[in-house]
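Subject: A structure for you to explore

Hello,

Here is the structure I promised to pass on to you. Please open it beside this email, and then read on for what I found.

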Amino acid sequence: CSYSSAFTSVHGGRPSSEYAKIRKESLESKFRRILGSSSHTLFADRGFGPFLAVYRAATISYHVVKLTVWHLLLSDVHKRAEKFRETLIRLGPFYIKLGQALSTRPDILPSAYCQELSKLQDQIPPFPTRKAIRTIESELGSRMSDLFADISPEPIAAASLGQVYKAHLHSGELVAIKVQRPGMAPLLTLDALLFNMIGGQLKRFAKARKDLLVAVNEIVRHMFDEIDYVLEGKNAERFAILYSQGSGGEGRTSIKVPKVYWTYTRKSILALEWIDGIKLTDAERISKANLNRKKMIDEGLYCSLRQLLEDGFFHADPHPGNLVATEDGSLAYFDFGMMGDIPRHYRVGLIQMLVHYVNRDPLGLANDFHSLGFVPEGTDLHAVATALSVAFGDGRRQSNDFQGVMNHLYDVMYDFNFSLPPDYALVIRALGSLEGTAKALDPDFKVIESAYPFVIGRLLADPSPDMRKILRELLIRDDGSIRWNRLERLIAAISQQSSEESSKKPGDENTASSSDWRSFDMHSVVSATEDLFHFILSRKGWRVRVFLIQDIVKASDAFLQETTFPGIFEEEGNTGELNPERSRMIRRLINGVQSFRQAISLAPNAWTAMLIRVALKPESQRFILDVFLALVNYSHDKVPETCWICMSKYLNYLDRQWRVKLRGEHI
């Protein structure tokens, strides 16, 4: 009987409707269905008789009683959280893994517990090599001397579920042999069954939400996935196909994934290509190797964003132990046991949440949480929005540090009884691990700020209705007014691409840049701009047109009042002395027009064709007429006054020039 396959078969490949039903089942009923009534027989077959089960239950009960005593003695929630973490460590691999997973579940545990559990590490000593050799020979059906030319006498790495040895095949190839701890499957099964006995007490101690056991259900499913090394090998190959493509220039791969040797792979044994690497936390070796830290961060970020926002299949634990730098500057991924796979509507939801966070739109965020099923039905979304406003309204409001953002959200998620889908909890873990890994190379790295250009590129490149809607929300407020600062930043980013391309030296086109993924496809930009024009000119865009006309009138008034015709030829610092606000508006408008011209220069034919198509539409002609009439109506009283001011300034300008000329001749 295979515990992992039996457990996985219950969950895998189910549609979302059935999946929701499965989540409601208790952990106990699920294991009864998996193991059947012969669970004691299974444990006996594996060498786990009823006495061991009783002993394990007594051990767990002892630690739970101690925890209960601490619960009565301690009133400080941080001290309680610390004792909770220490108890999980003493209880062994299952509970350590459980604690690590729950550290990213602010919908289940209070923030103090989440932060304390995030400190958990796989602090388990390695098991004896003789047991590893016995497992290898048993699984592969041959003696070690027939399988490998040599193997390291001790493990080169050890964790809670297994350990790794370095070996040579008889062909001379160097491989990493990952060996699972003996009896891991029945041990996990026993601990998962016994968790029902103490789950209620742990829940009371940690003040966990009522769906703690449902969350544990999903965590255990991922644990069984992790101890299925055949599945891990398949994950590694799928990951390599999706992301380990030539992106480093001259066909070189920037992301490396070790090759799987299937001849030497079984459910408890995994043989992978050996890849020498430098830990990202080893600053001294990285400096000696002259590796480009910024390029490595860019490549790692790009790969992670593709995983989360494009394909949905992602590495859920990219911590420094699972991600190393090679001598040629590539990044190598390891450990594909914990993987996530999120459907498209969740990926779109992730982008939408990021946009609403950047826009500081708490009600939009609350609606996102509701549409994704995070918030229970009947929850007052305005109350959620108010809580989010308070959370983001302190001195850290402008933080783009992921952990800082999550610290804001922890209490809100707990107070409003959020319920995160399992793979979304893995997304939180992946982003947190990614930021922590990147900070080893650059302490100032912020994943949200760095991901923003990629998100904008996705919004511009994807013509689907939901992505176009998010793009409009980024640039247009709910009342129809335009977010000019966002539009300026977007146009400036596109024009910067024009400047970079024009400054390239001959031959540079053959060398890929580490930040090529930040570039925009101009045809996608043109298409997105045309769709935005269509929306503005449609019936739904009437509010936008009203605000747009008002803004055009304000800009023209600023030109008439501040710059005037002779003032245009003055030095930049002299314009707008009477009204700094209008002066800034003029300068921003001039810079925006210049940036837009640079953007057009990247694809002049595409831009020209699009602008002609839009200009020929009757709606465009009506809007241009409305703008003209509004300008005439607003400025008919202003024009005479402005002309006199203009003439006066012009005469003053000529007088100054004449005086300067006379002074020069006198000198």
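A word to have ready: a residue is called buried when its relative accessible area is under 20%, and exposed when that area is over 50%. Please also keep in mind that this is a predicted model.

With that cut-off we can look at two cysteines. C303 has a relative accessible area of 2%, which is under 20%, so C303 counts as buried. C114 is buried too, with a relative accessibility of 1%. How many disulfides are there? The count comes to 0.

Next, the nonpolar interior. In soluble globular proteins, nonpolar side chains tend to be buried together. Here the largest nonpolar core holds 145 residues, and the members that touch the most others are F94, L98, F239, F374 and L459. A second core, separate from that one, has 17 residues, including F127, L140, I177 and V179. If you would like one residue to zoom in on, try L98: setting aside neighbours up to four places away in sequence, L98 is in contact with F195, V216, I219 and M223.

Now the strands. One open sheet is built from 4 strands in the order β5-β10-β9-β7, with mixed pairing. Which strands stand at the edges of this sheet? They are β5 (255-256) and β7 (278-279); each has a single partner strand, so one side of each has no neighbour in the sheet. For β7, look at β9 (residues 323-325): the two pair in the antiparallel sense over 2 bridges, and A325 in β9 is the bridge partner of I278.

Elsewhere, β4 (residues 174-180) and β6 pair in the antiparallel sense as well, over 5 bridges. One place to see this is V175, which stands opposite E273 in β6. Strand β6 spans residues 269-273 and is mostly covered, as 4 of its 5 residues are buried.

Two glutamates also deserve a look. Is E232 buried or exposed? E232 lies in helix α13 (residues 229-243), and its relative accessibility is 2%, so E232 counts as buried. Apart from residues up to four places away in sequence, E232 touches K178, E226, L270, D335, F336 and G337. The other glutamate is E473, in helix α22 (residues 465-475). E473 has a relative accessible area of 16%, so E473 is buried as well. Beyond its neighbours within four places in sequence, E473 is in contact with Q352, H356, N359 and R483.

Finally, some helices. In α17 (residues 362-371), the buried residues are G364, L365, A366, D368 and F369. What covers these buried residues of α17? The cover includes α16 (344-358) and α18 (381-392). Just after α17 comes G373, with a positive phi of about 85°.

Helix α18 also meets α19 (residues 402-415): their axes come within 9 Å and cross at roughly 145°. The crossing of α18 and α19 is right-handed. On the α18 side the contact is made by A387, L388, A391 and F392, and on the α19 side by V405, H408, L409 and V412. As you look at those lists, remember that an α-helix has 3.6 residues a turn, so residues three or four places apart point the same way.

Enjoy exploring, and do write back with any questions.

Best wishes

How values were computed:
Residues numbered from 1 in each chain as written. Predicted model: local features only at pLDDT ≥ 70, side-chain atom pairs only at ≥ 80, totals over all residues. Heavy atoms only, no water. Core = buried A, V, L, I, M, F, W, Y, C linked by side-chain atoms within 4.5 Å. Buried < 20%, exposed > 50% of the residue type's maximum accessible area, 1.4 Å probe, protein only. Contact = heavy atoms within 4.5 Å. Pairing = 2+ DSSP bridges. Disulfide = S-S within 2.5 Å. Axes fitted to C-alpha atoms, helices over the stretch in contact; angles between N-to-C directions. Left-handed = near helix turned anticlockwise from the far one by under 90°.
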